[in-house]
Amino acid sequence: MAAATPGELTAARLSDIPSLDRLLNASRGVQLVGQYGHTQVAGALRICLDELRQAVIDDKASPDALLPDQILTQAAGRLEKANRGAFRPVFNLTGTVLHTNLGRALLPDEAVQAVVQALSQPMNLEYDLTTGRRGDRDDLVQKLLCELTGAEAATVVNNNAAAVLLMLNALGNRREVVVSRGELVEIGGSFRIPDIMLRAGVRLKEIGTTNRTHVSDYQEAIGPRTAMLMKVHCSNYEVTGFVKSVHIRQVADIAHAHGLPAAVDLGSGTLTDLAKWGLPHEPTVADTVAAGADVVTFSGDKLLGGPQAGLIVGRADLIARIKKNPLKRALRVGKLTLAALEPVLQLYKAPELLGERLTTLRLLTRPVQTMHAQALRLAPVLQQFVGPEYQVEPAPMYSQIGSGAMPVNQLPSYGLAIRTTAGKGRGGRALMHLEGRLRDLDRPVVGRVSDKALWLDLRCLQEADEAEFIQQLRGRAE
Ligand SMILES: *Cc1c(COP(=O)(O)O)cnc(C)c1O
């Protein structure tokens with residue numbers, strides 16, 4: 001018998017490809033339909049079958065590839081990938097605790113439980129349980145915010161950028177707001193004080209110079225069109241050397257002498273003196289209110305350690321004007337934010353326990369020895385995962401608070417430094433490849449590359465997550 005020609009072989013194998021119906025009716029197919037529904041499973045199988053047909057025509061398909069089980073496994077992989085949520089938990093080993101791109105503050109359990117409840121049960125969001133009448137959603141947290149900051153009133157909006165926009169528009173529309181040139185901050189993500197002022201309908205009156213602003217600069221800037229004096233926290237930079245700025249106490253005195261309010265965008269805004277925890281000192285919101293600020297805005301998910309929110313506290317008459325502004329409705333927060341915020345604020349009523357209970361503070365104050373011990377435990381596991389092309393070493397490093405809080409202060413930490421053992425010139429690509437492998441894990445691991453090494457800072461690898469971290473690496477070792 002003459003050997004079959006390549007054309008005949010192809011024809012024979014094409015006809016061996018199982019039909020869509022047969023695959024759908026196989027037990028694995030039925031199970032997939034139960035999980036993903038007929039539409040998706042049939043769609044995935046069609047793609048697999050098309051690819052298989054092409055592979056057979058190209059003479060690239062192994063006989064095993066035609067087995068129904070093989071095809072169904074391939075389709076299952078496709079379906080799993082297509083149905084995986086876009087939001088994925090990651091391991092933040094960047095060393096930046098409040099990492100904006102990784103979602104900033106992690107919330108304590110109390111807040112998580114409160115959000116779960118708010119998601120699944122009706123709540124008194126705008127319903128006054130005493131009178132049975134319509135209530136105000138700000139009331140749920142106003143009392144706590146006032147108690148913790150010493151302010152008369154408070155309101156909450158979507159984030160601090162929104163808080164600044166709303167405050168400026170409500171109190172300064174079509175008038176002038178005086179700000180020092182040394183405080184015209186760009187926060188990143190296109191938040192720039194001058195741009196926000198323009199959008200708020202406020203005229204920026206710049207005073208002083210980049211490095212020096214004096215009391216007389218504020219005094220001379222005040223005119224008939226002045227709406228307020230404003231100070232902005234230099235969150236993400238520091239000016240050193242021949243510098244002078246005017247303390248909020250003095251700015252407030254000048255404003256008050258002219259019957260004007262003094263406003264402060266505090267940025268991160270902490271509610272507790274961080275120096276008590278061995279961290280660099282930052283003026284608290286209460287300090288700022290006590291110094292005479294009439295309105296203070298700050299973030300919910302930076303040092304405060306809560307959900308994304310913009311908090312505005314201050315004089316009752318000014319907060320009332322802010323709440324009446326139509327932008328307030330556009331920028332208001334939802335119930336999930338309020339549900340998460342309240343328990344976080346409650347924690348501040350027990351300052352002695354804050355270091356243990358507030359996740360952000362716990363991470364910021366983890367002792368170096370803890371991360372050091374973790375590094376020693378994890379080094380061999382990571383070495384196995386990366387393989388002999390790389391060398392893993394426990395190493396001291398510095399963490400950052402992040403989100404513009406104290407950019408020049410670094411926290412001593414410990415972690416793993418991974419360097420390539422490959423020859424010169426190939427190191428950069430090998431590190432990029434490794435970063436890619438770590439990102440490709442079920443729960444991606446994000447570190448940072450600098451000085452020809454990949455640094456994995458263990459400050460944010462909480463003890464509770466360590467087992468999962470190890471298990472995932474063991475499952476995917478080189
Ligand atoms: C971070 C920051 C903002 C923006 O706050 P978001 O909550 O991110 O909107 C505004 N002003 C200052 C000074 C900041 O540090």
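In this predicted model, a polar side-chain atom of Gln374 lies 2.8 Å from the backbone oxygen of Leu461. The side chain of Gln374 also takes part in a polar contact of 3.0 Å with the side chain of Arg366. Gln374 belongs to helix α18, which spans residues 368-386. With a relative accessibility of 0%, Gln374 counts as buried, because the limit for that class is under 20%.

Arg366 also serves as a reference point for a separation across the chain. Its C-alpha atom and that of Gly132 are 46 Å apart, and the two residues are separated by 234 residues along the chain. Gly132 is located in the loop that runs between α6 and α7 (139-149). The relative accessibility of Gly132 is 38%, so this residue is classed as partly exposed.

The ligand is surrounded by a shell of residues comprising Arg104, Asn159, Asn160, Ala161, Ile187, Phe191, His233, Ser235, Asp265, Gly267, Ser299 and Lys302. By class, this shell contains 3 nonpolar, 6 polar and 3 charged residues. Two elements, α8 (160-172) and β8 (262-267), each contribute at least two residues to the shell. Several short distances involve oxygen atoms of the ligand. In the side chain of Ser299, an N or O atom is 2.7 Å from a ligand oxygen. A polar backbone atom of Ala161 is found 2.9 Å from an oxygen atom of the ligand, and a distance of 2.9 Å likewise separates a ligand oxygen from a polar side-chain atom of Lys302. On its own the ligand has 380 Å² of accessible area, of which the protein covers 94%.

One member of the ligand shell, Arg104, has a notable backbone angle. Although Arg104 is not a glycine, its phi is positive, at about 55°. Arg104 is placed in the loop between β1 and α6 (109-120). A positive phi, near 50°, is also present at Asp451, again a residue other than glycine. Asp451 is situated in the loop that connects β14 (448-450) with β15 (453-457). At a relative accessibility of 68%, Asp451 is classed as exposed, because the threshold for that class is over 50%.

Contacts that involve aromatic rings were also examined. The count of aromatic pairs is 1. This pair is formed by Phe91 and Phe469, whose ring centres are 5.0 Å apart and whose planes meet at 85°, so the arrangement is edge-to-face. Phe91 is part of strand β1 (residues 91-92) and Phe469 is part of helix α20 (residues 463-475), so the pair ties together parts that lie 378 residues apart in sequence. Phe91 has a relative accessibility of 2% and therefore counts as buried. Phe469 is likewise buried, with a relative accessible area of 2%.

Arginine residues are also positioned over aromatic rings. Arg212 lies over the face of Phe242, at a distance of 3.8 Å from the ring centre. In a second case, Arg437 lies over the face of Phe385, at 4.0 Å from the centre of the ring.

Note on methods. Residues numbered from 1 in each chain as written. Predicted model: local features only at pLDDT ≥ 70, side-chain atom pairs only at ≥ 80, totals over all residues. Heavy atoms only, no water. Phe/Tyr/Trp six-rings, centres within 6.5 Å; stacked < 30°, edge-to-face > 60°. Helix = DSSP H or I, 4+ residues; strand = E, 2+ residues; numbered from the N terminus. Buried < 20%, exposed > 50% of the residue type's maximum accessible area, 1.4 Å probe, protein only. Lys NZ or Arg CZ within 6 Å of the ring centre and 35° of its normal. Near = heavy atom within 4 Å. Polar contact = N/O pair within 3.5 Å; in protein donor to acceptor, adjacent residues only side chain to side chain. Areas by Shrake-Rupley, 256 points an atom, 1.4 Å probe, with all protein chains shown as cover. Nonpolar A, V, L, I, M, F, W, Y, C, P; charged D, E, K, R; others polar.
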